Amino acid sequence: MQPTATVLVYSDDSNTREQVRLAVGRRPAADVPPVEFVECATPGAVVRELDNGGIDVCVLDGEAVPMGGMGVCRQIKDEVFNCPPVLLLMGRPQDAWLATWSRADAAVTLPVDPEEFASALAALLRRKRLVNV
């Protein structure tokens, strides 16, 4: 049986979480494992899931309310030991500097473009696999 990658998706908007799931399908690329999603609608849920362990990549919505994904990213990068890589969803390409400030590992713009998103997620999963070898 092939291992699975666990992707945490944080957004207060269920439509955004659905866009992420649909963009990836079961596998973002042929050379990475199939993915399972853990969905979170609050920052507290994100921290609880990360504390439980087993998350390979986090996808955080920069437009989430009441706390955007950039703030959540910066917090988890500071507070979570061996924090998984973070893919940030941004409202505008001009916000790339904020993604850097938040210490996100990658960023794509909303609405989710399936090809761009799957490519960015696959790159983070590959990097995570290489780091854990």
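These exercises walk through the predicted model shown above.

Residues are numbered from 1 along each chain as its sequence is written, and side-chain values use heavy atoms, with hydrogens and water left out. In this predicted model, local features need pLDDT of at least 70 and side-chain atom pairs count only at pLDDT 80 or more, while totals for chains, interfaces and linings use all residues.

**Exercise 1. The sheet**

Give the strand order of the open sheet, and find which strands stand at its edges.

Solution.
- Step 1: Fix the terms. Strands (E, at least two residues) and helices (H or I, at least four) are DSSP runs, numbered from the N terminus. Two strands pair if DSSP finds at least two bridges between them.
- Step 2: Read the order. The 5 strands run β2-β1-β3-β4-β5, with parallel pairing.
- Step 3: Look at the edges. β2 and β5 (106-109) each have a single partner strand, so one side of each has no neighbour in the sheet.
- Step 4: Zoom in on one pair. β4 and β5 are parallel over 4 bridges. Leu87 has Ala106 of β5 as its bridge partner.

**Exercise 2. The largest nonpolar core**

Find which elements build the largest nonpolar core, and which one gives the most.

Solution.
- Step 1: Define the core. A nonpolar core is a set of buried Ala, Val, Leu, Ile, Met, Phe, Trp, Tyr and Cys residues joined through side-chain atoms within 4.5 Å. Buried means under 20% relative accessible area, exposed over 50%, and partly exposed in between (1.4 Å probe, protein chains only).
- Step 2: Find the hubs. The core has 22 residues, and Leu8, Val46, Cys58, Leu60 and Ile76 touch the most other members.
- Step 3: List the elements. β1 (5-10), β2 (35-40), α2 (43-52), β3 (57-61), α3 (69-79) and β4 (86-90) each give two or more residues. α3 gives the most, with 4.
- Step 4: Check for another core. A second, separate core has 21 residues, including Ala29, Val35, Val57 and Val59.

**Exercise 3. The two faces of α2**

Sort residues of α2 into buried and exposed, and say what covers the buried ones.

Solution.
- Step 1: Pick the buried residues. They are Pro43, Ala45, Val46 and Leu50.
- Step 2: Check their directions. They cover an arc of only 160° (from the directions of the helix axis to the C-beta atoms), so they lie on the same side of α2.
- Step 3: Turn to the other face. Arg48, Asp51 and Asn52 are exposed there.
- Step 4: Find the cover. It includes β1, β2, β3 and α3.
- Step 5: Follow one residue. Val46 touches Leu8, Tyr10, Cys40, Val72 and Ile76, not counting residues up to four places away in sequence. Contact means heavy atoms within 4.5 Å.

**Exercise 4. Unusual backbone angles**

Locate the cis peptide bonds before Pro66 and Pro111, and the positive phi angles of Asn82 and Arg103.

Solution.
- Step 1: Recall the rule. Most residues other than glycine have a negative phi, and most peptide bonds are trans.
- Step 2: Place the cis bonds. The bond from Val65 to Pro66 has omega near 10°, and Pro66 is in the loop between β3 and α3. The bond from Leu110 to Pro111 has omega near -5°. Pro111 is in the loop between β5 and α5 (114-132).
- Step 3: Place the positive phi angles. Asn82, at about 50°, lies between α3 and β4. Arg103, at about 75°, lies between α4 (96-102) and β5.
- Step 4: Compare accessibility. Asn82 is exposed at 59%, whereas Arg103 is partly exposed at 33%.
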